[in-house]
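Okay, thanks for squeezing me in. Let me put the thing up on the screen, and then I'll walk you through cysteines, salt bridges, one helix and a bit of surface.

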Amino acid sequence: MPSYRASPGFFEVPHAAVYALMTVTVLASGFCFIQAGGPAAPAELLYRYGGMYATAIARHEYWRLIAYGFLHVNFIHLTMNMLCLVLWGGHLERRVGPAYFLIIYLCAMVFGAVIGNGIHSTPYLTVGASGATSGILGALLCLWILGKLDVRFDFFAINIGLNIAFALGNSRIDWGVHLGGFAAGLIACAVLDLVEKANAWVLRCKFPEAVKVNLTLLGCVVALWTWSGQGQAFVAGTTGWGLIVVVVACCAVVKTIDLALSIKKGLAIVVAVLAGANAAAVMLSGWALASFCSARWPTGSVPLDNLLVTFCPNPVLISGLAAIGAAALTLWLCSKEISRGMEDVGFVGASLRAERSRRHGL
């Protein structure tokens, strides 16, 4: 993890992961507003594009556990959640890095929805990043309790107080998602701290942040596949051993990368392999998305026809181009790591091993 600590100021300038999440959220919510023709989206539209509802888990629509967090009811709802993301996200990302920040954010989003679903006893529809942003605040509180965050107590008193006050002033607030996300963020941060301490005994090298972010995104793709119909069939068809195989395979990949980073020019090799893995993941995801779109939104059913007609009938072409773009983007974003790896004469692995031995926990 980065060696610096969060500054004691009330506000911290956001970093890359915060900006990325804001961009995706604004685009997704804005798309719904454009479809609705105004600054608010009706319930029917939000349900269609991923709103979380009472029987979503029972129907195995697990994609909604993530999709709902990028949709918002109206412009005010979107603005308030993005303000919370900016105010709190900068502190957390600066302290734990973008990879762990994304893990905490997504855990809070997913488990916030799960806990909220368990609390609801009547039909409902919920959208918004409130659970995920509450998870950020929970993670910051965890770091503060562990003595690993340099902010004063009034930071939490003011932010939690304002959050509760705003929630009390809005009768449509989903308390289950808020509280569930807060608890999930706190627990996820504590677990990651334990994982980092355990990694000192399991892994030789401290992974560069670019590699950690890439592995996190690939892990999300694997998780979505595991939740998909084919993934569930694989797990169920092997009487539960399928899930163990997936977990063991992921651990083996991490250990292989750890060993590769310890050799000369290993960093450049790892980045090249990850670029190829990203291309494969994008291509396979494109084919799966094309099938999903064709099944869910047949031509003529929604105003997405032009996009669907362009993409769904040509999944090989579009997915192939997207895969090439993903590989090129990976190589461009990791250009510093590639340069460092190509110039390595044996010092990169030693420095990564030394960094691992210096730090324990978050």
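Let's start with Cys142, which is buried at a relative accessible area of 4%. By buried I mean under 20% relative accessible area, with exposed being over 50% and partly exposed in between, using a 1.4 Å probe and protein chains only. Cys142 is in no disulfide, and the nearest cysteine sulfur, on Cys189, is 4.0 Å away. The cut-off for a disulfide is a pair of cysteine sulfur atoms within 2.5 Å. Cys220 is in no disulfide either, with the sulfur of Cys107 its nearest at 8.8 Å. Cys220 is partly exposed, at 24%. For the whole structure the disulfide count is 0.

Quick housekeeping. This is a predicted model, so local features need pLDDT of at least 70 and side-chain atom pairs count only at pLDDT 80 or more, while totals for chains, interfaces and linings use all residues. Residues are numbered from 1 along each chain as its sequence is written, and side-chain values use heavy atoms, with hydrogens and water left out.

Now, salt bridges. How many salt bridges does the structure hold? There are 7, counting a side-chain nitrogen of Lys or Arg within 4 Å of a carboxyl oxygen of Asp or Glu. Take Arg48 and Glu44, whose side chains meet at 2.6 Å, N to O. Both lie in helix H2, residues 43–49, and they are 4 residues apart, about one turn of the helix. Helices here, by the way, are DSSP runs of H or I with at least four residues, numbered from the N terminus. And the general point: an α-helix has 3.6 residues a turn, so residues three or four places apart point the same way. Arg48 counts as buried at 16% relative accessibility, whereas Glu44 is partly exposed at 46%.

Next, Asp193 pairs with Lys148 in a salt bridge, closest N and O atoms 2.6 Å apart. Asp193 sits in helix H8 (175–202) and Lys148 in the loop between H6 (130–145) and H7 (153–168), so this pair ties together parts 45 residues apart in sequence. Both Asp193 and Lys148 are buried.

H8 also gives us Glu196, which bridges to Lys206 at 2.5 Å between the closest N and O atoms. Lys206 is in the loop between H8 and H9 (209–227), so here the tied parts are 10 residues apart in sequence. Glu196 is buried at 3%, and Lys206 is buried at 2%. There's a network as well: salt bridges with shared partners join Lys148, Asp193 and Lys197.

On to H16, residues 347–358. Its 12 residues should span 16 Å at 1.5 Å a residue, and the end C-alpha atoms are 16 Å apart, which agrees; the expected span is 1.5 Å times one less than the number of residues. Which residues of H16 are buried? Val348, Gly349, Leu352 and Arg356. They cover an arc of only 100° around the axis, so they're on the same side of H16; the arc is taken over directions from the helix axis to the C-beta atoms. On the other side of H16, Phe347 and Arg358 are exposed.

Gly349 also has a neighbour to point out: Leu259 is 90 residues away in sequence but 9.3 Å in space, C-alpha to C-alpha. Leu259 lies in helix H11, residues 241–261, and is partly exposed at 39%.

Last stop: Ile119, in helix H5, residues 98–119, which is exposed at 56%. Happy to rotate it now.

Technical notes. Helix = DSSP H or I, 4+ residues; strand = E, 2+ residues; numbered from the N terminus.
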